[in-house]
Amino acid sequence: MKRALITGVTGQDGMYLGELLDREGYEVFGLVRGQNNPKVGVVQKILPNAKLLFGDLTDLGALLRIMDVANPDEVYNLGAISFVAHSWENAGMTTDVTAKGALNMLEAVRIHAGSKPESIRFYQASSSEMFGKVHEVPQKESTLLWPRSPYGVSKVYAHYMTINYRESYGMHASSGILFNHESPRRGIEFVTRKVSDGVARIARGKQDKLTMGNLAASRDWGFAGDYVRAMWLMLQQPVADDFVIATGKTHTIRDLLDVAFARIGISDWSDYVSYDKQYERPAEVDLLIGDASKAKEKLGWEPTVQFKELIEMMVDADLALQEQEG
Ligand code: NAP
Ligand code: F7E
């Protein structure tokens, strides 16, 4: 039975990946931070077979102890401060967790693997935010990185550290450069879930308006369930490498509002959406669209869920949630 350690198991991707690895017959270990993490109950319900280990990405000693307990064949480093807007106000902490946390995890893997650095396969959760002010359309593995936020800068550090550990120590360390991926498990702070939740509340008469920021930004949105499959496929390859994972289609926040409101029968949403400057960012990433042809060719990976279906799935899930809550 293969053993896998997931950092960020309480996050959106951690839960989908845990389910996939469980189906594939792995013994799953998940890193959980904090002394009384409120998401433990949810994870235990979704991943009843997973063993939860407590520690923090900023604490190398704890990570070394966790590596001893889990003794994994594969490590998926998904833990991060992942909300871009939050990263300007918490640049130091974002650097400690999202950048240096990845270095700590690489070190823990290197030290645990001892004389066989290639024996533990490592996945780093890189991000399309690294492309930032894009220098090429669509963005691929070789596109120049030009991050636009402390989050993006931290992900660039972690990305190059992963490549450096592969080249310096011969580790089987891969980076997935994942474009935005969403699901009903997406955190409420991110725009797709904020909209699906808000639209469901408006439909149920619990909220009058949605207050939004920049509606012109464009994102390449896919389904998280598809994207964790790509992570796993990367670690099944004989040679470690870096891959862009994306749908190849881009939509604006306005398109997102169109689909979400249409799902509840509203075609003109202008009366239901207002603007607040507080949701604008000090520097915006205007356009993201990925070219995942390398992943298609080498991993056989392709997305199965398109934008409209994804947003409708999220609105339906939030409508059901609102129904349950009464
Ligand atoms: P998420 O839902 O925000 O999950 C982040 C996870 O990191 C949570 O489990 C969180 O724990 C954990 N974490 C935060 N600080 C930590 C610390 N100090 N020590 C240990 N764990 C810590 O993010 P996601 O959407 O699943 O994304 C997974 C990874 O992919 C992240 O690294 C993200 O940056 C990256 N990524 C995401 C996307 C996307 O569109 N979703 C795209 C590209 C890359 P708590 O639950 O306790 O907060
Ligand atoms: O913003 C605009 C906002 O917060 C998307 C993370 O998973 O994907 C995610 O980062 C866009 C931005 O995601 C609101 O200005 C307008 O242009 O959903 P988001 P993100 O910043 O793209 C990448 C790939 C990651 O790696 C990250 O971890 O939507 N926007 N109005 C808004 N965004 C939010 N959150 N709230 C608004 O009211």
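Ligand 2 is surrounded by 22 residues, of which S82, S127, Y151, R281 and E284 are the closest. The structure described here is a predicted model, and the account below takes the surroundings of ligand 2 before turning to ligand 1 and then to a pair of helices.

**Ligand 2**

By class, the shell around ligand 2 divides into nine nonpolar, six polar and seven charged residues. Two of the closest residues, R281 and E284, also make polar contacts through their side chains: a polar side-chain atom of R281 lies 2.6 Å from an oxygen atom of ligand 2, and a polar side-chain atom of E284 likewise lies 2.6 Å from an oxygen atom of this ligand. The backbone takes part as well, since a backbone N or O atom of G213 lies 3.0 Å from a nitrogen atom of ligand 2. Taken alone, ligand 2 exposes 710 Å², and the protein buries 96% of that area.

**Ligand 1**

Around ligand 1 there are 25 residues, and those that come nearest are T10, R33, K39, S82 and Y151. S82 and Y151 are thus named among the nearest residues of ligand 1 and among the closest residues of ligand 2. The shell of ligand 1 has eight nonpolar, 11 polar and six charged residues. Helix α1 (12-23), strand β5 (121-127) and helix α6 (150-169) each supply at least two residues of this shell, and the largest share, three residues, comes from β5.

The polar contacts of ligand 1 include one with a side chain, that of T10, and two with the backbone, at D13 and at L78. They are set out here with those of ligand 2.

| Residue and its atom | Ligand and its atom | Distance |
|---|---|---|
| T10, polar side-chain atom | ligand 1, oxygen | 2.6 Å |
| D13, polar backbone atom | ligand 1, oxygen | 2.8 Å |
| L78, polar backbone atom | ligand 1, oxygen | 2.9 Å |
| G213, backbone N or O atom | ligand 2, nitrogen | 3.0 Å |
| R281, polar side-chain atom | ligand 2, oxygen | 2.6 Å |
| E284, polar side-chain atom | ligand 2, oxygen | 2.6 Å |

On its own, ligand 1 has 900 Å² of accessible area, of which the protein covers 91%.

**Helices α7 and α9**

Two packed helices are described by the angle between their axes and the distance between the axes. For helix α7 (residues 191-203) and helix α9 (residues 253-263), the axes come within 10 Å and cross at roughly 30°, and the crossing is right-handed. On the α7 side the contact is made by V191, T192, V195, V199 and I202, which meet I253, L256, L257, A260 and F261 of α9. By class, this contact has nine nonpolar residues, one polar residue and no charged residues.

Notes. Residues are numbered from 1 along each chain as its sequence is written. Chains are lettered from A and ligands numbered from 1 in the order in which they are written. This is a predicted model: local features need pLDDT of at least 70, side-chain atom pairs count only at pLDDT 80 or more; totals for chains, interfaces and linings use all residues. Side-chain values use heavy atoms; hydrogens and water are left out. Axes are lines fitted to C-alpha atoms, for helices over the stretch in contact, and angles run from 0 to 180 degrees between N-to-C directions. Helices (H or I, at least four residues) and strands (E, at least two) are DSSP runs, numbered from the N terminus. A crossing is left-handed if the near helix is turned anticlockwise from the far one by less than a right angle, and right-handed if clockwise. Contact means heavy atoms within 4.5 Å. Ala, Val, Leu, Ile, Met, Phe, Trp, Tyr, Cys and Pro count as nonpolar, Asp, Glu, Lys and Arg as charged, and the others, Gly among them, as polar. A residue is near a molecule or strand if one of its heavy atoms lies within 4 Å of it. A polar contact is a pair of N or O atoms within 3.5 Å; within protein, one must be able to donate a hydrogen and the other to accept it, and residues adjacent in sequence count only if both atoms are side-chain atoms. Accessible areas come from the Shrake-Rupley method with a 1.4 Å probe; for residues, only the protein chains shown count as cover.
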